[in-house]
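Open the model in your viewer and keep the selection panel handy. We will go stop by stop, selecting a few residues at a time and looking at what surrounds them.

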Amino acid sequence: MQDRDLELAHEAFQAGATEVVLRDDDDLIRHFILEAANSRYKSLQPGRVLLVEDENCQAEHLEEVCALQGLTVDRCISMEEGVARLQRGEYQLAIIDILLKGMSSGLSLVRHIRQLPPPRSLMPILVISGFDDVARRVEALRIGADDFLAKPFAEEELVWRLQRITQGRPGSEPEVSRAAIPDMAFWQQHGLSSRESEICEALIRGVNDKQIASDLDISFWTVRTHISRIFSKLGVLNRRELMARYLPSMGG
């Protein structure tokens, strides 16, 4: 973002953004660059991938890249096959093309996954498409995809995006001490509801959106709506600014 525009930030979160950054926030931009090159993004945990792709050449390329990362791929070519696979097995993540054989699109499968009971509804999802238009990208993120990758893509970008959406899963990051976090009364004095206060505390502890949804037994998009309102009420753009502003006041 060029200027500080909280209304635009609110719209971005509603569309599926997980972070909003100002162009003059050099520290945060530097953090993202270093994060991409950091060693913790060098390998994936072994697991199974649900690949929904009806183009053979593209599917073979994706399978090869995943195999090099230690992942086992189950491939299908339609939403219906994808739903059937989900009923039979557990997957670490899903890679879903938007245009598929049959009547349903890949976006319908994304919606289906997000409506499943946890933990399956929390599965990381990478949507891929040969059409890199803003409308498709926003729609994919809005309905629950973790990331969007346009074809053709470099192998390195695919690997980085897969690593990125599977990092930060429950238990992978140390949490901030609860003693350093403002209590419920503090947040309510700043205009937050009881639910927003719960979510705000979880954000400061480093809990990701999907885990918050699971912990509180609410939908992922309900969490995202609450986060958007929290940031708006507190006048912050992102988690980093939230922590920088409110942890020092409690000696964190």
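What follows is a short tour of a predicted model.

**The whole chain**

Start with everything shown as a cartoon. The protein chain holds twelve helices and five strands. Of its 252 residues, 45% count as buried. Contacts in the chain with a separation of 6 or more are worth a thought too: residues 24 or more positions apart account for 62% of them.

**Stop 1: helix H4**

Select residues 79-88, which make up helix H4. Which residues of H4 are buried? They are Met 79, Gly 82, Val 83 and Leu 86. Now look down the axis of H4: the buried residues fall within an arc of 100°, so they line one face of the helix. Turn to the other side of H4 and you will find Gln 87 and Arg 88, which are exposed.

To see what the buried residues of H4 pack against, add strand E1 (47-52), strand E2 (71-76) and helix H5 (106-114).

**Stop 2: Ile 143 and Asp 147**

Next, pick Ile 143, in the loop between helix H6 (134-142) and E5. Is Ile 143 buried or exposed? Its relative accessible area is 7%, and under 20% counts as buried, so Ile 143 is buried. Show its partners as sticks: leaving out residues up to four places away in sequence, Ile 143 touches Leu 107, Val 110, Arg 111, Arg 114 and Trp 221. For one of these, Arg 114, try the distance tool: the C-alpha atoms of Ile 143 and Arg 114 are separated by 8.1 Å, with their positions 29 residues apart along the chain.

Then move on to Asp 147, in strand E5 (residues 147-150). Asp 147 is buried as well, with a relative accessible area of 9%. Setting aside neighbours within four places in sequence, Asp 147 is in contact with Ile 125, Leu 126, Val 127, Leu 141, Arg 161, Arg 164 and Ile 165.

**Stop 3: H9, H10 and H11**

Hide the rest and select helix H9 (194-204), helix H10 (209-216) and helix H11 (220-234). Two packed helices are described by the angle between their axes and the distance between the axes. We can take these helices pair by pair.

Begin with H9 and H10, which pack at an angle of about 135° with their axes 10 Å apart. H9 and H10 are therefore oblique to each other, and their crossing is right-handed. Color the contact residues: Arg 195, Glu 198, Ile 199, Ala 202 and Leu 203 on H9, and Asp 209, Ile 212 and Leu 216 on H10. Five of these are nonpolar, none polar and three charged.

Now look at H10 and H11, whose axes are 8 Å apart at an angle of about 110°. That makes H10 and H11 roughly perpendicular to each other, and H10 passes H11 in a right-handed crossing. Here Asp 209, Lys 210, Ile 212 and Ala 213 in H10 meet Phe 220, Val 223, Arg 224 and Ile 227 in H11. The residues of this contact divide into five nonpolar, no polar and three charged.

The remaining pair is H9 and H11, with an angle of about 90° and axes 10 Å apart. H9 and H11 are therefore roughly perpendicular to each other. On H9, select Arg 195, Glu 196, Ile 199, Cys 200 and Leu 203; on H11, select His 226, Ile 227, Arg 229, Ile 230, Phe 231, Lys 233 and Leu 234. This contact divides into seven nonpolar residues, one polar and four charged.

**Stop 4: helix H12**

Finish by adding residues 239-246, helix H12, where Arg 239, Glu 241, Leu 242 and Tyr 246 are buried. Why do they sit on the same side of H12? Because they cover an arc of only 165° around the axis. The buried residues of H12 pack against H9, H10 and H11 from the previous stop, and also against helix H8 (184-189).

Zoom in on Glu 241 in H12. At 18% relative accessibility, Glu 241 counts as buried, since the cut-off is under 20%. As a last check with the distance tool, pick the C-alpha atoms of Glu 241 and Phe 231: these residues are ten apart along the chain, and the atoms are separated by 9.5 Å.

Conventions
Residues are numbered from 1 along each chain as its sequence is written. This is a predicted model: local features need pLDDT of at least 70, side-chain atom pairs count only at pLDDT 80 or more; totals for chains, interfaces and linings use all residues. Side-chain values use heavy atoms; hydrogens and water are left out. Buried means under 20% relative accessible area, exposed over 50%, partly exposed in between (1.4 Å probe, protein chains only). Helices (H or I, at least four residues) and strands (E, at least two) are DSSP runs, numbered from the N terminus. The arc is that of the directions from the helix axis to the C-beta atoms. Contact means heavy atoms within 4.5 Å. Axes are lines fitted to C-alpha atoms, for helices over the stretch in contact, and angles run from 0 to 180 degrees between N-to-C directions. Angles under 35 degrees count as roughly parallel, over 145 as roughly antiparallel, 65 to 115 as roughly perpendicular and the rest as oblique. A crossing is left-handed if the near helix is turned anticlockwise from the far one by less than a right angle, and right-handed if clockwise. Ala, Val, Leu, Ile, Met, Phe, Trp, Tyr, Cys and Pro count as nonpolar, Asp, Glu, Lys and Arg as charged, and the others, Gly among them, as polar.
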